[in-house]
Amino acid sequence: MNYKIALVRGDGIGPEIIDSAVKVLDRIGKKFGHQFMYTDVLAGGCAIDATGEPLPEQSVETCLKSDSVMLGAVGGPKWDTLPGHLRPERALLGLRSAMKLYANIRPAVLYDALVSECPLRTSIAKEGIDLIVVRELTGGIYYGERGRGEGPMGRDAFDTERYSVTEIERIGRIAFEMAMKRRKKLTSIDKANVLESSRLWRETMHELKKEYPEVEYSDMLVDNAAMQLVRRPSQFDVVVTSNMFGDILSDEASMITGSIGLLPSASLGASKLGMYEPIHGSAPDIAGKGIANPIATILSAAMMLRFSFDLEAEAKCIDDAVSEVLRSGARTADIMGDSKAKALSTDEMTALILNRL
Ligand code: IPM
Ligand code: MG
């Protein structure tokens, strides 16, 4: 089969890690008889430099015409002082919204080989971490009405959290379906003791759970969830939550697995077109040095094969290669811990993974 993939290399370490993912995809293509065709797309800080805007119309069109999109990372200190609508992050929000990617899937897995990297007590780490954050991605306060004005206490600003039953239902369904394929446990996280939007969220989830009697469902308040994630992460299987809560909790979930450099993500909508990216950012401090960990991006490519192209065997081949390489003791600088071994470069780590494919 032939697949058209739009590549948003972006800023910082983005181009380096996308290179690694492309090498892995090409090897998989050879091995399984597929052809991946790539088109480069400008978005983020590099797009601001080249065109004056973070997400040129042409870039959106190319992504919409592709079978799938892979993104490295966008942003950096160079563009931090630009006004809100011209920041590189707008490219990300713009792409999610234009492609209608309402579901963000962020798995957080603690590899056996990396238990020593987990910042939690060893007894907690040993219980394991294998959870998925399902984050609503195109609604809520990140997209709600916002503005500035004059209030009773002077100059003020506001952002709005607003959710429709339709938005809650469709993200809830993705989470329930995902739980059915795993350990059949779903935790819905909200702030229903305070927020009206959370009360509607909870009511809607309760309606939905009637359709999935096999799933062990529970509600959890977001403050408690933030605490439970570090107290006993093994209690979680699939977690579903709003855009902002998911943004915050997925960073927390990634940290407890030892390295943000390992975690992939998928952003999905109603069609097979998805966007796949590492959950880490553009890491400007190490950009251009060739030392970034390519694993999160390589695993994102595996998620793309699985979710957008239904190529499960191919995806598993990549997942297994990464696990084996980590088990063999290979480490990039970010996951060195106390190891005395030499830290591998991006290219060296990529080569080891290619060897195992
Ligand atoms: C993420 C990022 C983005 C988000 C930013 C860069 C807009 O933090 O993907 O989690 O908040 O969604
Ligand atoms: Mg975030």
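**Close-up views of ligand 1**

**View 1. Arg96 reaches ligand 1 through a polar side-chain atom, 2.6 Å from an oxygen atom of the ligand.** This is a predicted model, where local features need pLDDT of at least 70, side-chain atom pairs count only at pLDDT 80 or more, and totals for chains, interfaces and linings use all residues. Side-chain values use heavy atoms, without hydrogens or water. Arg135 also places a polar side-chain atom 2.8 Å from an oxygen atom of ligand 1. For Asp247, the distance from a polar side-chain atom to a ligand oxygen is 2.8 Å.

**View 2. Meet the residues around ligand 1: Glu89, Leu92, Arg96, Arg106, Arg135, Tyr142 and Asp247.** Each has a heavy atom within 4 Å of the ligand. Sorted by class, this shell holds 2 nonpolar, no polar and 5 charged residues; Leu and Tyr count as nonpolar, and Asp, Glu and Arg as charged.

**View 3. Helix 4 (residues 89–98) gives the most to the shell, with 3 residues.** Helices here are DSSP runs (H or I, at least four residues), numbered from the N terminus.

**View 4. Ligand 1 lies between two domains, because domain 1 (1–101 + 263–357) and domain 2 (119–256) both give residues to its shell.** The domain bounds come from an automatic or database domain assignment.

Key: Residues numbered from 1 in each chain as written. Chains lettered and ligands numbered in written order. Polar contact = N/O pair within 3.5 Å; in protein donor to acceptor, adjacent residues only side chain to side chain. Helix = DSSP H or I, 4+ residues; strand = E, 2+ residues; numbered from the N terminus.
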